[in-house]
Amino acid sequence: MRLRRTVAYAVLVAAAVVYLYPFVIQVATSLKTDPDASANPLSLLPHPLSTQAWSAVLGSGDSGLPILRWLTNSVVVTVAVTAGRVFFDSLAGYALSRLHFRGRGVVFAFVLTVMSVPGVALLIPKFLMVKYLGIYDTYAAMILPLLVDAAGVFIMKQFFDSVPVTIEEAARLDGASVFRTFWSVILPMARPALITLTILSFQGSWNEFSHFLVVTGNPEHKTLVTGLADLTVGGLGSGTQFPLKMATALITTIPVAILFFAFQRHLVRGANEGAVKG
């Protein structure tokens, strides 16, 4: 038993090293000079140690990198999309789980169908929709099409299916309306599912690229991800700029990593509870 446990831990440590090694290279490269990063891209020891890339990213360099604008756009869009998805996905999930109306099965089947459609197939319809509404190249175009997510509706419906109906019946006997029952009784019980949905929504909207690329064209509306893509293809200067790119990518990665590791237990618990009906 002890030998098996030792082998299991050794395999886990090896897998962790494999997954963490690119992240360590990212940190090391951000502390290198351009010549050193080009000559020794996989080296973990910067030679010489340089903070030039971080000076440029944090605004004290002369690269003209609008990192503050990108960060502001990412935060504004991500917070708005996350809040909207948690609210609207919860409403839709509760309606599909508890409200009996004609065509409910068809609507749920449509939600499952949308989940199976590749996101790239929806880019042209999204572009045509924002152009028709006259909101192209605005924050509204970046936020509104992402406020509802089929996967989030599915997660919340599955969780609400596991909640006993008798709890709602007691609230109804006390005179609570449908929305009051949802908001004050059922939604507080859905904390694990809400945390799961919050993490997935934050991660998805923070890392969103193709949607923002289609619905905006103004550099003032670039997020960290789209700005990093522009930097990667050399849109902001000449040379490889590996340290600058890695420093920007690191800033893009840190918020999602912190959120995931802080709430990973709730994420697993919410997924398990939503997958089993009571």
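User: What makes helix 4 and helix 11 a crossing pair, and at what angle do their axes cross?

Analyst: In this predicted model, the axes of helix 4 (residues 67-98) and helix 11 (residues 191-206) come within 8 Å and cross at roughly 145°. The crossing of these two helices is right-handed. On the side of helix 4 the contact includes Leu71, Val75 and Arg85, and on the side of helix 11 the residues include Leu194, Phe202 and Trp206. Sorted by class, the contact has eight nonpolar, seven polar and two charged residues.

User: How many salt bridges does the structure hold?

Analyst: The structure holds three salt bridges.

User: Why is the pair of arginine 69 and glutamate 220 called a salt bridge?

Analyst: A salt bridge needs a side-chain nitrogen of Lys or Arg within 4 Å of a carboxyl oxygen of Asp or Glu. The side chains of arginine 69 and glutamate 220 meet at 3.3 Å, N to O, and therefore the pair satisfies the cut-off of 4 Å. Arginine 69 belongs to helix 4, whereas glutamate 220 sits in the loop between helix 12 (210-215) and helix 13 (224-232), and the two are 151 residues apart.

User: How do you know whether arginine 69 and glutamate 220 are buried, exposed or partly exposed?

Analyst: Buried means under 20% relative accessible area and exposed means over 50%, with partly exposed in between. Arginine 69 has 35% relative accessibility, so it counts as partly exposed. Glutamate 220, with a relative accessible area of 42%, is therefore partly exposed too.

User: What makes glutamate 168 and arginine 98 a salt bridge, and which parts does the pair tie together?

Analyst: The closest N and O atoms of glutamate 168 and arginine 98 are 2.2 Å apart, and because the cut-off is 4 Å, the pair counts as a salt bridge. Glutamate 168 lies in helix 9 (residues 165-173) and arginine 98 in helix 4, so the pair ties together parts that are 70 residues apart in sequence. Glutamate 168 has 4% relative accessibility and arginine 98 has 13%; because buried means under 20%, both count as buried.

User: How are lysine 157 and aspartate 161 placed in helix 8, and are they buried or exposed?

Analyst: Lysine 157 forms a salt bridge with aspartate 161, the closest N and O atoms being 2.8 Å apart. Being four residues apart in helix 8 (residues 150-161), lysine 157 and aspartate 161 are separated by about one helical turn. Lysine 157 has a relative accessible area of 10% and aspartate 161 has 16% relative accessibility, and since buried means under 20%, both residues are buried.

Notes: Residues are numbered from 1 along each chain as its sequence is written. This is a predicted model: local features need pLDDT of at least 70, side-chain atom pairs count only at pLDDT 80 or more; totals for chains, interfaces and linings use all residues. Side-chain values use heavy atoms; hydrogens and water are left out. Axes are lines fitted to C-alpha atoms, for helices over the stretch in contact, and angles run from 0 to 180 degrees between N-to-C directions. A crossing is left-handed if the near helix is turned anticlockwise from the far one by less than a right angle, and right-handed if clockwise. Contact means heavy atoms within 4.5 Å. Ala, Val, Leu, Ile, Met, Phe, Trp, Tyr, Cys and Pro count as nonpolar, Asp, Glu, Lys and Arg as charged, and the others, Gly among them, as polar. Buried means under 20% relative accessible area, exposed over 50%, partly exposed in between (1.4 Å probe, protein chains only).
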